[in-house]
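Student: I have a model open and would like to understand the labels attached to its parts. Could we go through them together?

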Amino acid sequence: MEQKTVRIESSEVTARIFGSFDVNVRMIENAFGVQIYNRSDEDGDAIMISGEARDGVELAASAVKKIATKKGNKLCKKGSVPVMEKVQ
């Protein structure tokens, strides 16, 4: 199993990544065959990504980083698809 951790600057950014009812994360999980979890510790938030294929984990991490840099707090399917297309 491959794993990657993406550090997140704030809980607001983490909320944007996950999206309303975790819709953004579910789309990333389905697109790249990974599981995504949020973990908080003394250093802040971290997004944990795991999956069987290294490529899927790396592409999912790239999508998470791109969403983290977007403005706004909600991405719909139309907004998320271009992000995933850019990393594939």
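Student: Happy to start with one residue: where does Lys 65 sit?

Tutor: This is a predicted model, and in it Lys 65 belongs to helix α3, which spans residues 54-69.

Student: Why is Lys 65 called partly exposed?

Tutor: Its relative accessible area is 44%. Buried would need a value under 20%, and exposed one over 50%. Because 44% lies in between, Lys 65 is partly exposed.

Student: Which residues is Lys 65 in contact with, leaving aside its neighbours within four places in sequence?

Tutor: Those are Lys 4 and Val 6; contact here requires heavy atoms within 4.5 Å. For Val 6, the C-alpha atoms of the pair are 7.6 Å apart, although 59 residues separate the two in sequence.

Student: Let's turn to Ser 50. How do you know that Ser 50 counts as buried?

Tutor: Compare its value with the cut-off. The relative accessibility of Ser 50 is 9%, and buried means under 20%, so Ser 50 is buried. This residue lies in strand β3. Beyond its neighbours within four places in sequence, Ser 50 is in contact with several residues, including Met 1, Gln 35, Tyr 37 and Val 57.

Student: And what makes strand β3 largely enclosed by the rest of the structure?

Tutor: Strand β3 covers residues 44-51, and 6 of its 8 residues are buried, so the rest of the structure largely encloses it.

Student: How do you know that β1 and β3 pair?

Tutor: Pairing takes at least two bridges. Strand β1 (residues 2-8) and β3 have 7 bridges, in the antiparallel sense, so they pass that test. As one example, Arg 7 stands opposite Ala 46 in β3.

Student: What joins β2 to β3?

Tutor: Here there are 8 bridges, and the two strands run antiparallel. Strand β2 takes in residues 34-41, and its pairing with β3 places Asn 38 opposite Ile 47. With 2 residues between them, β2 and β3 form a hairpin.

Student: Good, one helix to finish. Which residues of α1 are buried?

Tutor: In helix α1 (residues 11-18), they are Val 13, Thr 14, Arg 16, Ile 17 and Phe 18.

Student: What do the buried residues of α1 pack against?

Tutor: They pack against β1, α2 (23-32), β2, β3 and α3. Do look just after α1 as well: Gly 19 takes a positive phi of about 80 degrees there.

Technical notes
Residues numbered from 1 in each chain as written. Predicted model: local features only at pLDDT ≥ 70, side-chain atom pairs only at ≥ 80, totals over all residues. Heavy atoms only, no water. Helix = DSSP H or I, 4+ residues; strand = E, 2+ residues; numbered from the N terminus. Buried < 20%, exposed > 50% of the residue type's maximum accessible area, 1.4 Å probe, protein only.
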